[in-house]
Amino acid sequence: MEPSAKVDTQPKPRLIVRLGIFLASHHILFSALCCSAGIIALLFLPSLAKNTYLSENALIPGSANPLFSSEDVTEANKFIKGIEAAAGESRGGMEMSKFIVQQMKDLGAEVCYHEFLPHSKHFHPLKFFTSMTNDLAVRPNGTYSNSGTNTIGIIRAPRGDGKEAIVLVTPYNPQRVQANEVLSLALGFSVFSLLSRAAWLSKDIVWLSADSQFGEYTAVSAWLNQYHNPMFVGGVKHEPDGIAEKAEFTDFKRAGTMAAALIFKVGETRNYGDRDSVTMYAEASNGQMPNLDLLNVVHYLAVHRQGFRVNIETISSLLSSAWLRAIAEVIHTLGSILRKINPDWKLDITASDYVEGTANLASSIYNQALGVPTGSHGAFRDYQVDAVSLEFSPTFYIRNENAKSSFLVRGGRSVLTGLLQA
Amino acid sequence: MSLIPRAAPAASMAFAGRDPAVISLLKMLPLLLLLTFSSAAAPPAAASPSAVHNNNWAVLVCTSRFWFNYRHMANTLSLYRTVKRLGIPDERIILMLADDMACNPRNNYPAQVFNNENHQLNLYGDNVEVDYRGYEVTVENFLRVLTGRHESAVPRSKRLLSDEGSHILLYMTGHGGDEFLKFQDNEELQSHDLADAVKQMKEKHRFKELLIMVDTCQAATLFSQLQSPGVLAIGSSMKGENSYSHHLDSDIGVSVVDRFTFHTLAFFEKLNMYSNASLNSLFNSYDPSMLLSTAYYRMDLYKRALNEVPVTNFFGSVMKTIHTDSAYTGFLAAHDAELPLSVGNNILDHVMLQNEASARRSNIEEMNEAQLMSHGWTEVLLEQLEGKNSDVVVMYGLGTMGILLAISTWLSM
């Protein structure tokens, strides 16, 4: 009797095994529970998030005088006139880049051209296994009419050690030049010229005027590719007809490791109210973000020092959705109840801030999940360089001269003080 | 002195066999004599810990690197300038700077370091001797400097060569916290390490009195573990408080001085080498509302009253002379002309200088004797020539030689 009783009763399994079996048997319930907990946590996030903290020991944004004055603005205006003239007589877009190169050379910077081809449409499944890193190489038989040309200028820091560089990128389309692109080039030029006279540079400055006829991302990633993984084209160098001086600038020049990059452009005029605005784009490929201190510094400088309004991309449909507003009200009342229980528990956020915060959050999550970079700063992130894109949106008509000057001053100042922190 | 105890036992033996009371009395006599002499000898032995103060040293340490810690460098260089101005020479200052702000590429004013936005005073101008620079400023080197345990190849300029009569000023600035001070962004000096080093210094008689001044966040915690006597410490803030910078220079782009050091310098700018402002007035000049923190000082290990100690006991080095009765002879008269004349109030310094002066006089006399005893022949000559003019002597000599020459030619003819 007893031996058979012993054989029949098996020892009870361990607790963790029983827990696993329980979870697996009710998996639908648990999945639903976890998903909804995640969504609720996401909905609480904008109200629980703290304000950004800028450490006073390391980052003191806006502590230096940027010295951007009206003389720089006159210089920029001259540049605008010059480049519009060049755009007028341009054939194939080369005149504009020649004009930019001439201006950069006058400042004493090192200049070079970079030709690139657009991404080929073919998909190479074995690309990851071979070392075909450079499918954008220049074809040696000089058909530059369907290749883009970036112009690069480099200022060497007079007393620096030349090991690191900061990159400024201003994209423009030479085939179809628009007034706002001209303004962004002028902004880039004025910042560049100020930095060429600065005695306090510790890193080299690289200014890339990216040719965005095939897309901004293509141009920047082609340049970065050539910078980090150079491919040396052997054989005869072609002599394009009629542009003899271009040949001296075809040697690719480098400036050391890139510490940070800033892409800025002037967007179309919007009517967002009375303040000029800056839109920041930070999401890079595969959900990577740059060092968020970069965003904090730009935000601080733009808002507190120059009076811009900083936007981050939002999903605009969420901004006007009714159910989100309802949730906002619920959280607001919850916050007031919690404060009565214990004054330390804070959920205070106004309903409109909450709605905007959630829209920002949703847009950021969507872009990160998709993995597609929201601008050419994504190309930098592939090489572990912190980069952010700024789009300045003026509220004036582009052709208005005076407004342009003041806008230039403020934009230049904010870019410059951002750089001084680096 | 030593003969009498030896004689007493002989005397007692001579009287052996007589009165036992007399014998016992005589036996006690040498003991009594020994006791009196030992007690007479004791004060000189006890006097060596309380040796006379005869030199001042300063160890000034800046522990932070990077451009945004410009103000720590400026703090240390300002204090270096003050201490030199008040009289401590470079060979008795050990200056440790963890980074080079003057030649940093971000410096808009190359090779210049300022501690005020008016840029009136360049702290890195002339005559700055940095003993430990850059990566040499480590916790290990700092503790070696304090305790004196160096490798044999370390030069004298990098050693703290203090003795038992030294007063040492130890000033440290940088980033600190609860019971630690951060060195170079990758290591820490803890309060018990510092206390241990000070204890070693005391045992090796490396200082008579030590003033520790710390300008960091939560500075008072750094000297909370000290136990050695003769140590006075002041920190710029208490536990849980931060120490703040004074002002931002927008031309340079960073803060240029800290509040505690700024007020310390403001106090010292009013003084010169001969002032007798006391440590008490220095410590009372710190106003918590101006510093935005509470300057805390620790005086339980320091036996003297603070209102009797002049600040120049630590921050300066007062050099005075006293008039002597007779002039020094020979080339030594030139040395006297270099020392500044002044009147001093400090009794200790007076005694010290009298000791110094008498020591020098005895040296001089010895040297004179050494000169005179060497040549008997020159002694005779000097005696003869004492009252006369040297030109006259030369004329006489030439005349004698001419006469001898004439006589010899006449004889040979």
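## Exercises on salt bridges and a surface patch

A:E110, A:R156 and A:D204 are linked in a network of salt bridges (a salt bridge is a side-chain nitrogen of Lys or Arg within 4 Å of a carboxyl oxygen of Asp or Glu). This is a predicted model, in which local features need pLDDT of at least 70 and side-chain atom pairs count only at pLDDT 80 or more, while totals for chains, interfaces and linings use all residues. Residues are numbered from 1 along each chain as its sequence is written, chains are lettered from A and ligands numbered from 1 in the order in which they are written, and side-chain values use heavy atoms, leaving out hydrogens and water.

**Exercise 1.** Find the partner of A:E75 and say where the two residues sit.

*Solution.* Start with the contact: A:E75 pairs with A:R197, with 3.7 Å between the closest N and O atoms. Next, place both residues: A:E75 lies in helix α4 (residues 70-88) of chain A, and A:R197 in the loop between α6 (179-196) and β4 (204-211), so the bridge links distant parts of the chain, 122 residues apart (helices, H or I, of at least four residues and strands, E, of at least two are DSSP runs, numbered from the N terminus).

**Exercise 2.** Work out how A:E95 and A:K98 are arranged in their helix.

*Solution.* First, the two form a salt bridge, the closest N and O atoms being 3.6 Å apart. Then look at the spacing: because they are three residues apart in helix α5 (residues 94-107) of chain A, about one helical turn separates them. Finally, compare exposure: A:E95 is buried at 16% relative accessible area, whereas A:K98 is partly exposed at 26% (buried means under 20%, exposed over 50%, partly exposed in between, with a 1.4 Å probe and protein chains only).

**Exercise 3.** Decide whether A:K203 and A:E164 are buried or partly exposed.

*Solution.* The closest N and O atoms of this salt bridge are 3.7 Å apart. A:K203 is buried, with 11% relative accessibility; A:E164 is partly exposed, with 36%.

**Exercise 4.** Describe the nonpolar surface patch that includes B:M413.

*Solution.* List the members: B:I403, B:I407, B:W410, B:L411 and B:M413, together offering about 670 Å² of accessible area (by the Shrake-Rupley method with a 1.4 Å probe; for residues, only the protein chains shown count as cover). Patch residues have over 30% relative accessible area and no salt bridge; like charges are joined within 9 Å, nonpolar side chains (Val, Leu, Ile, Met, Phe, Trp, Tyr) within 5 Å. Then locate B:M413: it is in the segment after α13 (390-412) of chain B and is exposed at 81%.

How values were computed. Accessible areas come from the Shrake-Rupley method with a 1.4 Å probe; for residues, only the protein chains shown count as cover.
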